[in-house]
Amino acid sequence: MPNKLLFTGILTCLLCFSSFTQNKKKKQKKELPKEVVIDSIVKPSKPINPLSPAKAAFYSAILPGLGQAYNKKYWKIPIVYGAIGTGVYFYINNNKEYNRFRDAYKRRLAGFNDDEFSLDSQGNPLTTPRVSTERLEDAQKFYRRNKEISLLVTIGLYALNIIDANVDAHLLQYNVDENLSLSPHYELNQIDASSNLGLTLNFKF
């Protein structure tokens, strides 16, 4: 009987000691500091140059297309020159036609009938001019209006060339990191079968 009591006591002590050891090991595991994992794949973002948009706009103001070349958007240079060149072409053409009708109108007012609209193909004066004085006046107004519109369009295209270079330089430095994203969110409500729309903002660091 004493041997049984002794054996039971020893067994109880061993179980208590084993339980105490396991608890101590668990506490030590919890107290271990967390490992810091550094992702070597993530590359630092390019440094932002705050003067880059101003430089691009300045270059395009000096010479159209130069700001696009500064932004390395060379494919835009032919578009810039094509647009501005078209505006200049229409301005020159309308100005030329305006001067033709104005010169003829001034000759008519001076009492001469030797303008290009009062002569035939051989240079002889016609009894009735091909274009009347009233039509000459209307043609002047028409081409003068078209000349002014062409000038405004050309100036607008020139300004658009500067704005494009400035905005493009801004967008080239825009943060497109996947750790910062804003995306639309759509969810179907299972209870009342209604749809929920919203925006999801993801910011990882």
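In this predicted model, a good place to start is R100, which lies over the face of F101 at 5.6 Å from the ring centre. The ring of F101 also has an aromatic partner, and this pair is one of 6 aromatic pairs that the structure holds. The partner is Y143: the two ring centres are 5.7 Å apart and the planes meet at 15°, under the 30 degrees that marks the limit for stacking, so the pair is stacked. Distant parts of the chain are linked in this way, since F101 belongs to helix α4 and Y143 to helix α5, 42 residues apart.

Y143 takes part in a further pair, with F142, and here the arrangement is edge-to-face, with 5.1 Å between the centres and 80° between the planes. As for accessibility, F101 counts as buried at 10% and Y143 is likewise buried at 19%, whereas F142, at 39%, is partly exposed. Ring pairs join F101, F142 and Y143, together with F117, into a cluster.

Helix α4 itself, the home of F101, covers residues 76-109. Its 34 residues reach 50 Å from the first C-alpha to the last, close to the 50 Å expected. The buried residues of α4 include I84, N94, Y98, F101, Y105 and R108, and the buried set packs against α3 (66-70) and α5 (133-172).

Towards the end of the helix, a second charge meets a ring: the charged end of R107 sits over the ring of F112, 4.0 Å from its centre. Between these two in the sequence, just after α4, G111 adopts a positive phi of about 95°.

Note on methods:
Residues are numbered from 1 along each chain as its sequence is written. This is a predicted model: local features need pLDDT of at least 70, side-chain atom pairs count only at pLDDT 80 or more; totals for chains, interfaces and linings use all residues. Side-chain values use heavy atoms; hydrogens and water are left out. Helices (H or I, at least four residues) and strands (E, at least two) are DSSP runs, numbered from the N terminus. The expected span of a helix is 1.5 Å times one less than its number of residues. Buried means under 20% relative accessible area, exposed over 50%, partly exposed in between (1.4 Å probe, protein chains only). Contact means heavy atoms within 4.5 Å. Rings of Phe, Tyr and Trp (its six-membered ring) pair if their centres lie within 6.5 Å; planes under 30 degrees apart count as stacked, over 60 as edge-to-face and the rest as tilted. A charge sits over a ring if NZ of Lys or CZ of Arg is within 6 Å of the ring centre and within 35 degrees of the ring normal.
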